[in-house]
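Let's take a friendly walk through this protein chain, from its overall build to one of its pockets. Have the sequence and the 3D view open as you read.

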Amino acid sequence: MKPKTWHKHHKWLGLLLGPFVILFCISGIVLNHRRQWASTDISRAWLPTDYRYDNYNNGLVRGAIGLPDSSTLIYGNAGIFRIIGDDAVDFNAGFPEGVDFRNIRRVVISADSALYAAARFGLYRLDSKGCWQPEPITVTEQITDLAVNGDSLLLLTRSEAYLSVGGSAWEKAQLPDPAVRPQRSLFRSIFHIHSGEALGLPGKILVDILGVALIALCITGYIIPLRRRARTAVRVSSAWHRRLGLWSVFVLMFLVVSGMMLRPPLLIAIAQLKIDQPAHNTWHDALRAVRFDTARGHWLVSTSDGFYTLSSDLSGMERTAEQPPVSVMGINAFERDNATGDWIIGSFSGLYRWNRDTGAVTDYYTGEPAPDRVGAPFGLAPVAGWFRGPVQYYTGAESPDVPPMPATVVHGPMSLYQLALEIHTGRIFTLLGAATAFYIFFAGALTLHILLSGHRLLPRRPKK
């Protein structure tokens with residue numbers, strides 16, 4: 001194309017897409033520092049109606065546990081609620097302020113009848129006054145799960161395991177290497193590159209700087225057309241626009257492409273691809289959930305590379321022969337059906353029954369054999385949890401036995417992190433309907449064209 005055509009594309013696409021690019025940058029910076037924003041909440045009353053809780057949907061319930069007094073505790077991304085008959089009361093006394101601090105991964109009862117709650121950022125124990133008290137354990141990563149076997153408690157973070165036996169102090173447990181070294185999903189690797197996490201905190205700060213640079217490019221791009229009204233501002237903005245574009249254009253293009261690969265349709269192409277795990281820790285960023293299989297006397301661990309059996313003394317770990325389908329986004333339901341002995345495995349890719357005696361894995365709803373490979377990361381039956389039956393992410397609890405959801409939680413708070421995630425992925429634009437799944441792809445493609453056209457317009461050094 002001629003320079004004049006490149007200029008038109010760069011100008012008008014930039015003016016049109018600028019606000020969305022700025023939203024990408026601001027939300028991405030928030031996503032890069034989750035713990036720092038964990039105490040900041042946003043009321044769901046300010047958001048589209050799709051984000052209001054209805055029938056325990058939108059991740060309100062991840063799991064439930066019955067108590068000796070016949071009441072039930074339900075837990076999820078808004079904390080813990082106690083179900084007594086048809087009433088549900090808040091059960092979050094003691095947790096830090098901020099709904100993200102109350103994102104509960106699991107609640108268990110230990111052998112000595114103590115109640116433990118594994119939140120994303122800490123482990124808590126219920127005291128005699130009904131208040132949650134932090135456990136004396138220091139973890140450096142987000143907690144993923146907690147399970148009990150007799151007097152043993154096993155806590156998982158994304159890369160490490162911690163064990164407490166008979167109420168003793170928590171100690172880090174070294175998980176053994178399996179015979180075949182697990183692989184890491186390409187999705188997670190690209191995610192760590194896109195966020196800068198692959199290089200630790202310096203990498204995150206670098207990505208933050210790139211975000212600020214892209215915001216500056218947008219702002220200066222809006223000032224440049226004001227040639228007749230603010231000549232000095234235009235001259236300064238033009239100079240900075242060219243300089244920022246000159247040193248950052250290729251890195252920004254790489255950042256955009258890596259982000260596009262984390263959402264459909266490019267995500268579907270890479271969702272099942274694996275690469276070798278880093279050598280320093282076999283289970284780095286791989287641990288997702290754990291349960292104890294009493295019928296076989298070993299732990300059952302869900303990882304990003306599939307399911308593994310872990311001996312009760314943590315001395316051996318091997319990959320199971322059968323692999324129930326689990327979305328690349330992680331497991332959400334991991335329950336034992338006491339009537340049949342099957343394991344219920346649910347994720348955003350669907351819900352399945354796993355009979356470990358026969359090795360059969362079947363679709364929970366149809367009874368048909370499960371597919372060998374997971375389809376779309378977000379399928380037709382996205383399961384977000386289990387409360388007396390499946391809990392769908394959009395439609396909520398399916399069981400008729402669940403009590404009515406408390407009206408007080410309809411407009412419950414959403415963490416700023418979660419809001420930033422909805423903005424960053426485009427799901428906040430609910431008017432687009434199913435097209436929101438492809439919002440990132442098209443927005444990314446247009447952003448790439450803006451960056452490419454800007455690069456084509458940069459002054460070139462004359463040839464000697």
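What follows describes a predicted model, starting with the whole chain and ending at a pocket.

**The chain as a whole**

The protein chain contains seven helices and 27 strands. Its radius of gyration is 25 Å, close to the 23 Å that the globule rule gives for 464 residues, so the chain is as compact as a globular protein of that length. If you lay the C-alpha trace along its principal axes, it spans about 80 × 50 × 45 Å.

How much of the chain is buried? Of its 464 residues, 52% count as buried. Turning to the outside, the chain exposes about 22,700 Å², and carbon and sulfur atoms supply 59% of that area. Among contacts with a separation of 6 or more, 56% join residues 24 or more positions apart.

**The second largest pocket**

Now zoom in on the second largest pocket, which holds about 810 Å³ of space. Four elements each give two or more residues to its lining: α1 (3–31), α3 (200–223), α4 (231–260) and α7 (439–457). Of these, α1 supplies the largest share, with nine residues. To find the middle of the pocket in your viewer, select H10, K11, G221, I224 and H241, the lining residues that lie nearest its centre.

What kinds of residues make up the 30 that line this pocket? The table sorts them by class.

| Class of lining residue | Number in the second largest pocket |
|---|---|
| Nonpolar | 15 residues |
| Polar | eleven residues |
| Charged | four residues |

How values were computed: Residues numbered from 1 in each chain as written. Predicted model: local features only at pLDDT ≥ 70, side-chain atom pairs only at ≥ 80, totals over all residues. Heavy atoms only, no water. 1 Å grid on protein atoms, 1.4 Å probe; cavity = no way out; pocket = protein on both sides within 12 Å on 5 of 7 lines; lining within 4 Å. Points joined across faces, edges and corners; volume = space filled by probe spheres on them. Nonpolar A, V, L, I, M, F, W, Y, C, P; charged D, E, K, R; others polar. Rg over C-alpha atoms; globule rule 2.2 N^0.38 Å. Buried < 20%, exposed > 50% of the residue type's maximum accessible area, 1.4 Å probe, protein only. Contact = heavy atoms within 4.5 Å. Areas by Shrake-Rupley, 256 points an atom, 1.4 Å probe, with all protein chains shown as cover.
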